[in-house]
Amino acid sequence: MDRTSTPEALPTATLRETIAIISQVMAPNVAKGVIRRRPNVVGVVERFGLDAKGIRQLQALSKKYGRGPLMLNVPTKRMAVILDPADANHVLAHTPEPFATDEALKRSALGHFEPKMSLVSHGEARQTRRHLNERVLQSDCPHHLFADAFAQVVEEEAETLVARTQTRFDELDWPTFQHAWERIVRRVVLGDSARDDQTVTRELARLRKAANWGFMRPKRKRLQQRFEQHLAFYYQQAEPHSLMAMLHHTNQEADSAPAPLQQVPQWLFAFDPAGMATFRALALLCAHPEYAASALDEVKDASPPSMDRFKASVLEALRLWPTTPLILRQTTQATQWKQGEMPANTSLLIHTPYFHRDERYLHAAHRFLPEMWLRPDGAGRWPLVPFSAGPGVCPGRHIVLLVTSRLLAALLRRARWALHPPDKLSGEAPMPGLLSPFHVRFRLERHSVESDATA
Ligand code: HEM
């Protein structure tokens with residue numbers, strides 16, 4: 001792509017188009033809760049198909065303006081939306097210079113509980129903090145050093161979850177699932193003794209609710225302090241086979257530039273979308289029983305068990321319903337594009353559903369396509385970026401895929417599940433623009449699939 005200097009400015013959306021982008025693309029995502037989801041709003045967005053409308057809005061603009069970035073007509077802030085796949089890849093590959101992760105809106109939200117987190121840092125501070133995250137989460141390694149211990153945690157909690165579902169008239173709803181999921185998350189991140197420490201989760205939830213409002217809401221400093229003391233306790237405990245232990249081992253100087261404890265809230269809160277993706281993937285598997293059976297066979301037949309098909313179903317849940325629908329970057333200097341120049345300090349929006357659901361380029365974009373993730377080239381060069389990409393890619397992605405795929409396998413091995421009502425999602429129909437995990441329910445139809453098979 002020729003990015004040599006062009007003196008012209010980039011095309012700018014009209015005021016009416018800008019309002020349409022803000023109201024149809026940004027507002028539904030902000031209203032859903034950027035840092036902590038608001039279940040009622042998610043239900044409304046699902047019911048009225050607002051996410052699909054947002055995608056159509058951006059497609060119409062890309063038809064009108066062509067492929068380059070489109071500046072928005074916002075008087076108080078420089079903003080642009082990325083419409084071209086190659087540009088999306090370019091921005092993500094050239095992070096953090098000149099496309100910084102430390103974007104103003106993100107900073108105002110995350111500043112409520114992790115102001116020194118790598119995502120909202122820049123320069124040398126970002127480098128050391130990102131490096132610490134990469135080492136603890138073993139960003140490039142599909143099998144974390146503690147993977148077997150994490151898998152054991154998942155098995156134990158899946159057993160308890162199935163038993164609990166049986167006592168609840170064989171119905172699995174979101175609150176029941178979330179209870180088990182949060183136990184898994186606390187054990188993996190903080191250690192086994194945190195299993196029932198709902199206080200730490202609640203403290204973070206309250207901080208995240210405030211963070212949803214960004215700069216519009218004052219910081220809750222006392223609560224933040226209490227939460228940090230709570231984390232410091234688990235850091236000192238450094239329980240074996242927890243991410244806290246790994247952090248303790250990796251970073252001995254608690255007050256140095258990496259700000260170790262400021263990285264931890266991200267791990268705790270980013271597990272939330274992973275739980276949502278697991279629940280949605282379970283719905284996808286119920287709607288595609290043949291694929292579910294093949295995933296289960298794959299687990300049984302291989303030693304060590306292959307989780308690839310279950311991982312692909314989670315990736316599909318994240319492609320169809322991305323949990324980070326807006327990836328934000330901010331330019332640190334003026335940048336040149338084929339279509340013109342973009343000034344410094346412009347906030348860039350990469351709207352992932354627009355790329356993930358683009359039927360102009362992705363055959364059957366609204367169908368369940370797990371095979372795509374099983375190919376050696378994965379999704380190819382098309383920006384399917386549930387975990388972002390490039391130097392800012394999510395360093396927790398392998399842990400996420402490990403824990404979520406293990407949980408799906410553990411649930412399907414122990415019982416046969418069905419969506420309730422069954423027509424909530426159909427393998428015969430296009431997948432809806434949004435599937436609210438808070439409004440999905442399952443029926444446990446038969447216990448112990450394993451014993452069925454061996455009988
Ligand atoms: C389904 C679950 C998850 C998804 C979809 C996801 C996705 C993402 C995305 C898109 C980003 C980039 C955000 C940006 O550039 O603004 C990111 C960053 C990050 N994620 Fe995740 N994430 C998930 C779970 C996790 C978990 C469980 C952890 C830790 C255990 C984690 C650790 C991080 C960290 C540390 C960063 C910041 C990286 C940086 O500063 O460059 N994520 N994640």
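**Reading helix packing, a buried residue and a metal site**

Guide: In this predicted model, helix α1 (residues 15–32) packs with helix α3 (residues 50–65) at an angle of about 150 degrees, and their axes are 10 Å apart.

Visitor: How are two packed helices described in general?

Guide: Two packed helices are described by the angle between their axes and by the distance between the axes.

Visitor: Are α1 and α3 then roughly parallel or roughly antiparallel to each other?

Guide: Angles over 145 degrees count as roughly antiparallel, and α1 and α3 are therefore roughly antiparallel to each other. The crossing of α1 and α3 is left-handed. On the side of α1, the residues in contact include A20, I21, Q24 and V25, while those of α3 include G54, Q57, L58 and L61. The residues of this contact divide into 8 nonpolar, 4 polar and 5 charged.

Visitor: Where is I184 found, and is I184 buried or exposed?

Guide: I184 is found in helix α8 (residues 174–189). Buried means a relative accessible area under 20%; I184 has 2% and is therefore buried.

Visitor: Which residues is I184 in contact with, leaving aside its neighbours within four places in sequence?

Guide: I184 is in contact with V153, V154, E157, V403 and L407. By way of another distance, the C-alpha atoms of I184 and V44 are separated by 29 Å, and these residues are 140 apart along the chain.

Visitor: Which protein donor does the iron atom of the ligand have?

Guide: The iron atom has a single donor from the protein, the SG atom of C394, 2.3 Å away. C394 lies in the loop between α16 (371–374) and α17 (397–414).

How values were computed. Residues are numbered from 1 along each chain as its sequence is written. This is a predicted model: local features need pLDDT of at least 70, side-chain atom pairs count only at pLDDT 80 or more; totals for chains, interfaces and linings use all residues. Side-chain values use heavy atoms; hydrogens and water are left out. Helices (H or I, at least four residues) and strands (E, at least two) are DSSP runs, numbered from the N terminus. Buried means under 20% relative accessible area, exposed over 50%, partly exposed in between (1.4 Å probe, protein chains only). Contact means heavy atoms within 4.5 Å. Axes are lines fitted to C-alpha atoms, for helices over the stretch in contact, and angles run from 0 to 180 degrees between N-to-C directions. Angles under 35 degrees count as roughly parallel, over 145 as roughly antiparallel, 65 to 115 as roughly perpendicular and the rest as oblique. A crossing is left-handed if the near helix is turned anticlockwise from the far one by less than a right angle, and right-handed if clockwise. Ala, Val, Leu, Ile, Met, Phe, Trp, Tyr, Cys and Pro count as nonpolar, Asp, Glu, Lys and Arg as charged, and the others, Gly among them, as polar. Donors are N, O and S atoms within 2.8 Å of the metal (3.2 Å for Na, K and Ca); water is not among the atoms, so sites may look incomplete.
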